[in-house]
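Work through the following exercises with the sequence and the structure open beside you. Try each task before reading its solution.

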Amino acid sequence: MSKSKILFQMTGSIACYKACQVISGLVRIGHEVQVVATPSALQFVGAATLEGLTGKPVVSDLFASGNVMDHIHLVRWADLILVAPATANFINKAARGVGDDLISTQFLAHDFRKPYLIAPAMNTMMYQHPVTQSSVKSLKEMGVQILETASGVLACGEVGFGRLLDPALILQEVETHLQQVPSPIERLIPHSSGVKVLVTSGGTEESLDPVRVVTNKSTGATGAALTDTLTQFGFDVTYLHAESAKLPETDCEKVSFGDFESLQSRLQNLLGNSKFKAVIHLAAVSDFSPVKSSDKKISSDQDLTVNFKKNPKLVDHLREMAHDPKLKVVAFKLTAGASDAEKSVAVEKLWSRSKADLVVQNDTDQKGVFHIHKGVEKTETLPSKQALGMYLGEYLTKELL
């Protein structure tokens, strides 16, 4: 597992070849590195080289299809941002708040609770120019860490300051600053203690007789993981779970349910009597219940016919149960081997009925991958339960506090 997430930004300089040594060193140590390069940087080092070093495609175009929010998402993803090499052009633009490409726009979206390191590389006169020195001073005052240049023979043949700092020293600076980085939760958590959130999790079990049930494959693992993360964020979480569902590791109120009717009853009781601010509705609720279950064990000697009745969609009525039209609702939609078009239709149907604030869609063919929808528009794809928990924790923090 990677130690930290490094957003490595490269601007156009002959020193890009030395920056590759830094990238290689970071990956070798165990960090996860995402390179963002300006088009001019890619004139010095090819995208194939950078992808080979990191295992990730290089990001360069601010308006590339599917990546138009990378100026926000990548900055939020990273634990540390390093610009190496940083040209005079970038330094002067950044100091004056000019955001006309992906890297300079990412700087404007930077969260200064995270380290932002700049390793300049340029001609001596360019580095010592009053405009550049004024920009360096301004950036330092903002909290940017400037990895001062080294002295020596420059690419132009002149001797003086302006050389990119030695790769080994840059690696050392990165490691030093990472030791001071707060955890993602420490960066995001405000004083959210006391804000009540309800998480429903696991699958209902509809009885056919005293020993047989109709159920589904939900384990409750995602709900348990989200409960752990939201509790760490400081939320007061109640975990409403199927009797067989996985339980969270953190200490929180736990309430169990069995079949559809018991889930419905417990939802009405909890939402009607406690001031929950949000519901994360992951429970895999049976769409149908047997019209009648047998009081005695059904004989296995002959075929069995069972009549089912359709159950109402509980997610559509959560705000009514809570008597709170402002209740935040996060709904989940699981599809099975669906095409993109089928997924879109399923999300649209769920959202139009429930008017959920967020719809999280995942598919049995892509286990662990979650797609976030605000309304019917997909805004984010998350690769794990942990990433989903962080996303929802940050979302609820912003929306509820």
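α10 passes α14 in a right-handed crossing. This is a predicted model, and the exercises below begin with that pair of helices.

**Exercise 1. Describe how α10 and α14 are packed against each other.**

Solution. Two packed helices are described by the angle between their axes and the distance between the axes. For α10 (residues 221–232) and α14 (residues 385–400), the axes come within 9 Å and cross at roughly 45 degrees. An angle under 35 degrees would count as roughly parallel and one from 65 to 115 as roughly perpendicular, so α10 and α14 are oblique to each other. The next step is to find the residues that touch: α10 contributes Ala221, Thr222, Ala225, Leu226, Thr229 and Leu230, while α14 contributes Lys385, Leu388, Gly389, Met390, Leu392, Gly393 and Leu396. Sorted by class, the residues of this contact are 8 nonpolar, 4 polar and 1 charged.

**Exercise 2. Carry out the same description for α4 and α7, and state the handedness of their crossing.**

Solution. Start again with the axes, which for helix α4 (residues 88–95) and helix α7 (residues 130–142) come within 9 Å and cross at roughly 55 degrees. With that angle, α4 and α7 are therefore oblique to each other. As for handedness, α4 passes α7 in a left-handed crossing. On the side of α4, the contact involves Ala88, Ile91, Asn92, Ala94 and Ala95, and these meet Val131, Thr132, Ser135, Val136, Ser138, Leu139 and Met142 of α7. The class count for this contact is 8 nonpolar, 4 polar and no charged residues.

**Exercise 3. How many residues of α4 are buried, and what covers them?**

Solution. Of the 8 residues in α4, 7 are buried, and the helix is thus mostly covered. Listed by name, the buried residues are Ala88, Phe90, Ile91, Asn92, Lys93, Ala94 and Ala95. Their cover includes the strands β3 (80–86) and β4 (116–120), together with the helices α5 (102–108), α6 (124–128) and α7. Looking past the helix along the chain, one finds that α4 is followed by glycine 97, whose phi is positive, near 75 degrees.

**Exercise 4. Find the aromatic pairs and classify the geometry of each.**

Solution. Searching the whole structure gives 2 aromatic pairs. One of them joins phenylalanine 107 and phenylalanine 112, whose ring centres are 6.2 Å apart and whose planes stand at 85 degrees, so this pair is edge-to-face. Phenylalanine 107 is buried, with a relative accessible area of 5%, whereas phenylalanine 112, at 40% relative accessibility, counts as partly exposed. In the pair of phenylalanine 107 with tyrosine 116, the ring centres are 5.1 Å apart and the planes are at 70 degrees, so this pair is edge-to-face as well. Both phenylalanine 107 and tyrosine 116 are buried. The final step is to join the pairs, and this shows that Phe107, Phe112 and Tyr116 form one aromatic cluster.

**Exercise 5. Where does serine 4 lie, and which residues does it touch beyond its sequence neighbours?**

Solution. Serine 4 is placed in the segment before β1 (5–10). With a relative accessible area of 14%, serine 4 is buried, because buried means under 20%. If residues up to four places away in sequence are left out, serine 4 touches His31, Glu32, Asp79 and Leu178. A further comparison uses valine 181, which is 177 residues away from serine 4 along the chain, although their C-alpha atoms are separated by 9.7 Å.

**Exercise 6. Examine the backbone at proline 85, histidine 323 and lysine 355.**

Solution. Proline 85, which is found in strand β3, is joined to alanine 84 by a cis peptide bond with omega of about -5 degrees. Histidine 323 is a residue other than glycine with a positive phi, near 55 degrees, and it lies in the loop between α12 (318–322) and β16 (328–335). With a relative accessible area of 65%, histidine 323 is exposed. Lysine 355 also has a positive phi near 55 degrees, and its place is in the loop between α13 (340–354) and β17 (358–363). At 45% relative accessibility, lysine 355 counts as partly exposed.

Note on methods
Residues numbered from 1 in each chain as written. Predicted model: local features only at pLDDT ≥ 70, side-chain atom pairs only at ≥ 80, totals over all residues. Heavy atoms only, no water. Axes fitted to C-alpha atoms, helices over the stretch in contact; angles between N-to-C directions. Helix = DSSP H or I, 4+ residues; strand = E, 2+ residues; numbered from the N terminus. Parallel < 35°, antiparallel > 145°, perpendicular 65-115°, else oblique. Left-handed = near helix turned anticlockwise from the far one by under 90°. Contact = heavy atoms within 4.5 Å. Nonpolar A, V, L, I, M, F, W, Y, C, P; charged D, E, K, R; others polar. Phe/Tyr/Trp six-rings, centres within 6.5 Å; stacked < 30°, edge-to-face > 60°. Buried < 20%, exposed > 50% of the residue type's maximum accessible area, 1.4 Å probe, protein only.
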